[in-house]
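Colleague: Could you take one part of this model and walk me through it closely? I'd like the sheet in the second chain, and then whatever empty space you can find around the rest.

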Amino acid sequence: MTQATVKIGKREITTDELFASGHRGCIGCGEMLAVRLTMKALGRDVVISNATGCIEIVSSPLPTTSWEVPWIHTLFENTAAVASGVESGLKVMMRKGRIPQKQIHSIAIAGDGATSDIGFQALSGALERGHDFVYICFDNEAYMNTGIQRSSSTPYGASTTTAPVGKKSIGQTTQKKNMPEIAVAHGIPYVATACASYPFDLMEKVKKAADVKGPAYVHVFSVCDTGWRIPTNQSVAVGRMAVQSGVFPLYEVENGKYKLNIDPTLKPVADYLKKQGRFRHLSDAEIQKIQERVTSEYAKLKEKVARSQAPSA
Amino acid sequence: MAKGKRVGMEGSIAIAEAVKLADTDVVAAYPITPQTHIVESLAEMVANGELDAEYIPVESEHSAMSACLGSSAVGARTFTATAGQGLELMHEALYIAASSRLPIVMAVANRALSAPLSVWGDHSDVMAVRETGWIQVFAENGQEAHDLTFWAFRVAEDPEVLFPVMVHVDGFNLSHVTEPLFLRDKADVDKFLPPNKYPTPLHPDKPVTMGAFGPPAIYTETKKAQDVAFMKSKKTILKGFKEFAKIFGPTYSPIETYQAEDADTLLITMGSLSETASVAIDTMRKAGKKVGQLKIRLWRPFPLDEFRKAVSNAKTLIVFDRALAFGGQVGPVCSEVKSALYGEANMPKVASFIGGLGGRDVTAKEFEYMITQGMKVAGKQTEYEMIGVRE
Ligand SMILES: Cc1ncc(C[n+]2csc(CCOP(=O)(O)OP(=O)(O)O)c2C)c(N)n1
């Protein structure tokens, strides 16, 4: 199929919209922007398995659909397993000549809750089994679809409805689970982080993930203006600040080798936190604590990058 | 006129052989006693190249059923097997298979539920999933386990049906018993079972959205439509039995009776203990008692018409259950029987017995006791009687 493209700088990108407008996402939703870019990168030859959550709910109220590609939703916690079945089913039917040979990517998409909590086991199982599929986590740092409850991907100090700020609580008291690292620990060929505020980086990584043979995992930072209590025109800016402050570094891990895609002089984390209502209550001391953690985590990441570049003995 | 190769074979292996004969595309597997021999045997077939299938050794039963959802949705012929706790862990996904109209076939080696942990057989797991929208049949012996497994694909995949099917085999009593049976010929199975042609598979050449969410304005209609279609599947189920008889010989039916024509009293059973119960019927017949037996093969959709017809001349029904319904008055099959009879003219009297829990043996003598005792208490009984329990 010939596709119309537009030139943006040196890059050409498709004008095809496989995630059609008319969905019911919140105004300014960073996740929907990320999904739309993801679909541009993936193209039509995919089967999407989608977890329960914001993306599914805003895109598929019967009798409408936002999906221009084959798409299935079954449950909250089984997305990676469904995608395993899709991949296996297509593979065997092509092998047996039941359907024509063609490269069709099995893609799982899910929120951070579906990924780091309830669907964690299914994801780990699918990565371990080595299915040729891509798992994309759209991380808005809470259970947003059910109304901003904490997940294990909610960062320290954020106020949510199940980890609220109160006289005796600063909100979330645990540290954000490091899903990309957990994916790396499975020894899969490709892991990447991305954010819609860096659209080309995101699209290139998604494309790469699809082209990789074997499991690939992409963790997409998805700003949620509703849950993070920010103005609806700030999603892109806040995503950018997360990257610029080192809160959410953009990197990829190819066959165990780390590469930082953007390595800015880090801006103060306070600037990022102060933009958001969910961190409004934090004292300077708490902010300082968060800053220290971000600095040390970033340093650890840079060490891994450096080690990956060092010539092997 | 039975057709096939006469062999001595364990029930579980007979099921695996049927899955192979069906040229199944995808097998999702997670071990649990007493089902394990089925998926182990399939693993060997795939490893030896006897069966060209994708074998997905998932990390849990929840994922087993979920992988089945995915592979079935792309149009692949899909099988899995489970039991007891595994079936419970699948519970949520079972509804999805049925309401998404995905023709998955699953063997369930019926097993008791924890606690206390028991790997042995009863029908607790079945009863916990009876309203999930799966077509459910009970095999009585190894031959039926074999036959009903490839029959299940034919029914499930029929465009008039498109519902998943569970083939229930009693844990150990059937799954682990080696018996003589006819292994069907591939050529006959091919005649009986056409290739799977799922009408709306997930494929980029013709994209579909599957599993969209149903707002209140739509949900009710989708559920009504599902139930209407489910009830209609009975037509195809019967057609499947008929075609089966033409090609292979044996005539299966939703309800089977034994010595029932002139019987005043009918013992109602389901599953492999039906054979033991038949021995009791024989003994009592010899003693001149007008007793007979009714076996339920098709459990869902419940064959109401056939059932009512089969009991129309009986005065007393004695229902044997292998599961409890906590807080209810009688066993789950007995509840079903009572609700099927309510308001019927000449309603027979009913007695409820529960036994064989967690693998406890039920002897022919005990079935005789149930019949004799049941004739006395039917209609007067206020709750079930437990068989073989040490008080
Ligand atoms: C088994 C189960 N438990 C709970 C829910 C309710 N539920 C639906 S979506 C959701 C949260 C989704 O959060 P996340 O995965 O982070 O995605 P988001 O909506 O934030 O994008 C929850 C708790 C469910 N559908 N199924």
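Modeller: Sure. First, a word on pairing: two strands count as paired if DSSP finds at least two bridges between them. And keep in mind that this is a predicted model.

With that in hand, look at chain B. Six strands make an open sheet there, in the order 10-12-11-14-15-16, and the pairing is mixed. Strand 10 (255–258) and strand 16 (385–386) of chain B sit at the edges with a single partner strand each, so one side of each has no neighbour in the sheet. Further in, strand 11 (residues 265–269) and strand 14 (residues 316–321) of chain B run parallel and are joined by 4 bridges. If you want a spot to zoom in on, B:Leu266 stands opposite B:Leu317 of strand 14 of chain B.

Now for what packs on that sheet. Helix 11 (residues 332–341) of chain B touches strand 11, strand 12 (291–296), strand 14 and strand 15 (349–354) of chain B, and its direction makes about 150° with that of strand 14. Helix 12 (residues 364–377) of chain B lies across strands 11, 12, 14, 15 and 16 of chain B, at about 135° to strand 14.

There is another open sheet worth a look, because under the two-bridge criterion it takes in strands of both chains. Its 9 strands go 12(A)-11(A)-9(A)-10(A)-6(A)-5(A)-3(A)-4(A)-9(B), again with mixed pairing. The edges are strand 12 (257–260) of chain A and strand 9 of chain B, each pairing on one side only. Strand 9 of chain B pairs in the parallel sense with strand 4 (residues 71–73) of chain A over 2 bridges, and A:Trp71 stands opposite B:Thr209 there.

Strand 9 of chain B also leads us to the empty space. Together with helix 4 (84–99), helix 8 (216–248) and helix 10 (304–310) of chain B, strand 9 (209–210) supplies at least two residues per element to the lining of the largest pocket. That pocket holds about 1200 Å³. Its lining counts 42 residues, and B:Ser99, B:Ser100, B:Thr222, B:Lys223 and B:Gln226 lie nearest the centre. Helix 8 of chain B gives the most, 9 residues. By class you get 19 nonpolar, 14 polar and 9 charged residues.

The second largest pocket, at about 620 Å³, has A:Lys176, A:Asn178, A:Val247, A:Pro249 and A:Glu297 nearest its centre, among 30 lining residues. Here helix 11 of chain A gives the most, with 8 residues. The lining splits into 16 nonpolar, 5 polar and 9 charged.

As for closed spaces, there are 3 cavities of 30 Å³ or more. The largest has about 60 Å³ and brings us back to chain B: its lining includes B:Glu256, B:Lys295 and B:Ile296. That lining has 4 nonpolar, 2 polar and 5 charged residues. The second largest cavity, about 40 Å³, has 6 nonpolar, 3 polar and no charged residues around it. Helix 1 (30–42) and helix 9 (235–244) of chain A each supply at least two of its lining residues.

One last stop, on charges. The structure holds 51 salt bridges over all chains. In one of them, A:Glu204 pairs with A:Arg11, with the closest N and O atoms 3.1 Å apart. The two partners are 193 residues apart, A:Glu204 in helix 7 (residues 199–211) and A:Arg11 in strand 2 (residues 11–14) of chain A.

Terms used. Residues are numbered from 1 along each chain as its sequence is written. Chains are lettered from A and ligands numbered from 1 in the order in which they are written. This is a predicted model: local features need pLDDT of at least 70, side-chain atom pairs count only at pLDDT 80 or more; totals for chains, interfaces and linings use all residues. Side-chain values use heavy atoms; hydrogens and water are left out. Contact means heavy atoms within 4.5 Å. Axes are lines fitted to C-alpha atoms, for helices over the stretch in contact, and angles run from 0 to 180 degrees between N-to-C directions. On a 1 Å grid over the protein atoms alone, a cavity is a set of points where a 1.4 Å probe fits but cannot get out, and a pocket is an open set with protein on both sides within 12 Å along at least five of seven lines; lining residues have an atom within 4 Å of a point. Grid points are joined across faces, edges and corners, and a volume is the space filled by probe spheres set on the points. Ala, Val, Leu, Ile, Met, Phe, Trp, Tyr, Cys and Pro count as nonpolar, Asp, Glu, Lys and Arg as charged, and the others, Gly among them, as polar. A salt bridge is a side-chain nitrogen of Lys or Arg within 4 Å of a carboxyl oxygen of Asp or Glu.
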